[in-house]
Amino acid sequence: QFRSVHIEFTMGRRKKAVKKVVKRKKYMVAKVFKCLFCNHDKSVMCKMDSQSMTGELKCTICEAKYQTQINSLSEPIDVFTEWLDETSNLQAEMTKKDVSQSGQFESNEDGNEEDVDDGYESNEDGN
């Protein structure tokens with residue numbers, strides 16, 4: 001009574017190297033920003049309302065607000081960059097306006113200088 005034992009041998013193969021799975025870091029887009037007016041870090045909160053399709057930014061320190069239309073792909077950083085662009089455009093317009101009013105006199109097509117109306121009334125009494 002012999003028992004038969006079946007042993008399986010493999011021919012000289014190399015073991016396959018197990019590759020390590022490397023998890024990539026997922027970069028998160030910021031949802032809290034630095035205020036453009038009071039310069040406090042992490043004070044501007046973004047609220048996205050997908051029902052009314054609006055994005056709203058609000059500073060918790062100086063109460064500055066901005067609201068704009070969004071779409072289904074918009075992120076908080078998109079709303080913040082629109083606010084940044086709009087404030088830089090307004091600032092550029094204001095500096096352009098200030099430079100044009102700093103002379104108080106502008107020359108017209110004939111070369112004659114005219115007084116520029118700056119919106120302020122002046123009294124002879126100094127009031």
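**Charges and contacts around helix H1**

Start with a 2.9 Å polar contact between the side chains of Thr68 and Glu82 (N or O atoms within 3.5 Å; within protein, one able to donate a hydrogen and the other to accept it, and sequence neighbours count only if both atoms are side-chain atoms). This is a predicted model, where local features need pLDDT of at least 70 and side-chain atom pairs 80 or more, while totals for chains, interfaces and linings use all residues. Residues are numbered from 1 along each chain as its sequence is written, and side-chain values use heavy atoms, without hydrogens or water.

**Exercise 1.** Work out where Thr68 lies and whether it is buried or exposed.

*Solution.*
- Step one: Thr68 sits in strand S4 (strands are DSSP E runs of at least two residues, helices H or I runs of at least four, numbered from the N terminus).
- Step two: its relative accessible area is 13%, so Thr68 is buried (buried is under 20%, exposed over 50%, partly exposed in between, with a 1.4 Å probe and protein chains only).

**Exercise 2.** Do the same for Thr87, then find the backbone oxygen by its side chain.

*Solution.*
- Step one: Thr87 is in helix H1.
- Step two: at 19% relative accessibility, Thr87 counts as buried.
- Step three: a polar atom of the Thr87 side chain lies 2.9 Å from the backbone oxygen of Leu84.

**Exercise 3.** Find the salt bridge and say how covered its partners are.

*Solution.*
- Step one: the structure has one salt bridge (a Lys or Arg side-chain nitrogen within 4 Å of an Asp or Glu carboxyl oxygen).
- Step two: Lys58 and Glu63 form it, at 3.6 Å, N to O.
- Step three: Lys58 is partly exposed at 34%, and Glu63 is partly exposed at 46%.
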